[in-house]
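Visitor: I am new to this structure and would be grateful for a close look at a single part of it. Please take the aromatic residues, and set them in their surroundings.

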Amino acid sequence: MSLPFKGLTWDHPRGFTALDRAGRQSGLIAWDRQPLEGFESAPIADLCAAYDLVVLDHPHLGEALAQDCLCPLDEVFDPVALKRFAADSIGPSFRSYEMAGRAWALPLDAASQVMALRPEIADAPLATWAEVSDFARHEGGLALSLAGPHAALSLMSIAASLDDGLDLADGGWLGAALCVEAYEILSDLNAHANPDFGQANPIGLLEAMSSGTGIRICPLVYGYVPYAARPAPRTVLFRNAPRSRIGGRHGSILGGTGIGISRRCTPSDALRDHLAWLMSPGVQTGFIPENDGQPSNRAAWADPDVNAPVRGFYSATAATLEAAALRPRHDGYIAFQTAASAFLREALRTGLPPAAVAGRLADMFAASLPANRRV
């Protein structure tokens, strides 16, 4: 049976199962899926031309607004509903989809870079970067998430731990001194990391850790709750991201995904009600986690019943998500993120001096800005 709306999400149970089951049960949405990397390579305008609903992450907003391919949420939901969604969402999840004075996607899924570790080292002192580095130097078993865009994201997460006020949502980049300090920490960790996993994406790293390949800790990787639910010996535990100092900010860059409504879509009352249902507290604490999803609702992250089957995944990482920084979102940022990550991997491989790395990244970022914002 053909359903009235088409949606596109990402090909992982966390991104697909709950949406697919809900869409089919409602008789409203047929959800297609593509690899997570596909959202980095396919122009958002092309996806919105083919689908009524598109799952995206917040750095795509600048490109989407430049192409005028998303419908603002205030044309679908009333102000009371939008305020409720914003108040219920953990950390900056809702704010990450606000741009040009309007909201453009519903933050269905919340995530940030956190620490993943094997249960046997759960009691090791790993709260700060110095402790993580010391553990890697003496105990081994460390892997870094550097593939795809994650080298740049890891650098920014470390920078966020060094600067409690860092927020790049309005298009700023790291200052030179901050970038140098963050890169020095990243370079030190890389010197003690297992190079065999340098090309693995977060799912690949977590699969390797779950499979007992010798990886015992990844200090920055986007949290995926299904790995915390796996039975021993395949369990992966998740903890807050490291700090630069005791009492400082947990360094992390916001991930997660939101549901955007494309301009091609004519939302019905039934579709609006279905999307509001997906965001409701009862669904976020029940249906979403029960169907492999990772909720965005703050109450769900604190709920003991939601945490119990996943070994406290949510409560053990919520502080990181609450403090997570946003990425730049200008049209051109996605290409910068990809190029910057490739440059960082090469810089780490060749031992490029930190000051040279910071200077090159600043130049690359400036070149990525729209012409009317370059100085």
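Guide: What follows begins with the whole chain and then turns to its aromatic residues. The model is a predicted one.

The protein chain holds 17 helices and 10 strands. Its radius of gyration is 20 Å, close to the 21 Å that the globule rule gives for 375 residues, so the chain is as compact as a globular protein of that length. Along the principal axes, the C-alpha atoms occupy a box of roughly 60 × 55 × 35 Å. Of the 375 residues, 57% are buried. When contacts between residues at least 6 apart in sequence are considered, 75% of them join residues at least 24 apart. The chain exposes about 14400 Å², and carbon and sulfur atoms supply 53% of that area.

With this setting in place, the aromatic rings can be considered. Rings count as a pair when their centres lie within 6.5 Å, and by this rule there are 11 aromatic pairs. One of them joins Phe77 and Phe85, with 5.4 Å from centre to centre and 85 degrees between the planes, an edge-to-face arrangement. Phe77 and Phe85 are both buried.

Another pair is formed by Trp173 and Phe336. Their ring centres are 5.2 Å apart and their planes stand at 80 degrees; planes over 60 degrees apart count as edge-to-face, so this pair is edge-to-face. Trp173 belongs to the loop between α7 (150-162) and α8 (176-191), whereas Phe336 belongs to helix α16 (residues 333-350), so the pair ties together parts that are 163 residues apart in sequence. Trp173 and Phe336 are both buried. These two residues also belong to one aromatic cluster, in which they are joined by Tyr333 and Phe365.

A further aromatic residue, Phe5, may be described through its neighbours. Phe5 is part of strand β1 (residues 5-10). Its relative accessible area is 8%, and because buried means under 20%, Phe5 is buried. Leaving aside residues up to four places away in sequence, Phe5 touches Leu28, Ile29, Ala30, Asp52, Cys265, Thr266, Ser268 and Leu271. Thr257 is 252 residues from Phe5 in sequence, and the C-alpha atoms of these two residues are 19 Å apart in space.

Definitions and conventions
Residues numbered from 1 in each chain as written. Predicted model: local features only at pLDDT ≥ 70, side-chain atom pairs only at ≥ 80, totals over all residues. Heavy atoms only, no water. Helix = DSSP H or I, 4+ residues; strand = E, 2+ residues; numbered from the N terminus. Rg over C-alpha atoms; globule rule 2.2 N^0.38 Å. Buried < 20%, exposed > 50% of the residue type's maximum accessible area, 1.4 Å probe, protein only. Contact = heavy atoms within 4.5 Å. Areas by Shrake-Rupley, 256 points an atom, 1.4 Å probe, with all protein chains shown as cover. Phe/Tyr/Trp six-rings, centres within 6.5 Å; stacked < 30°, edge-to-face > 60°.
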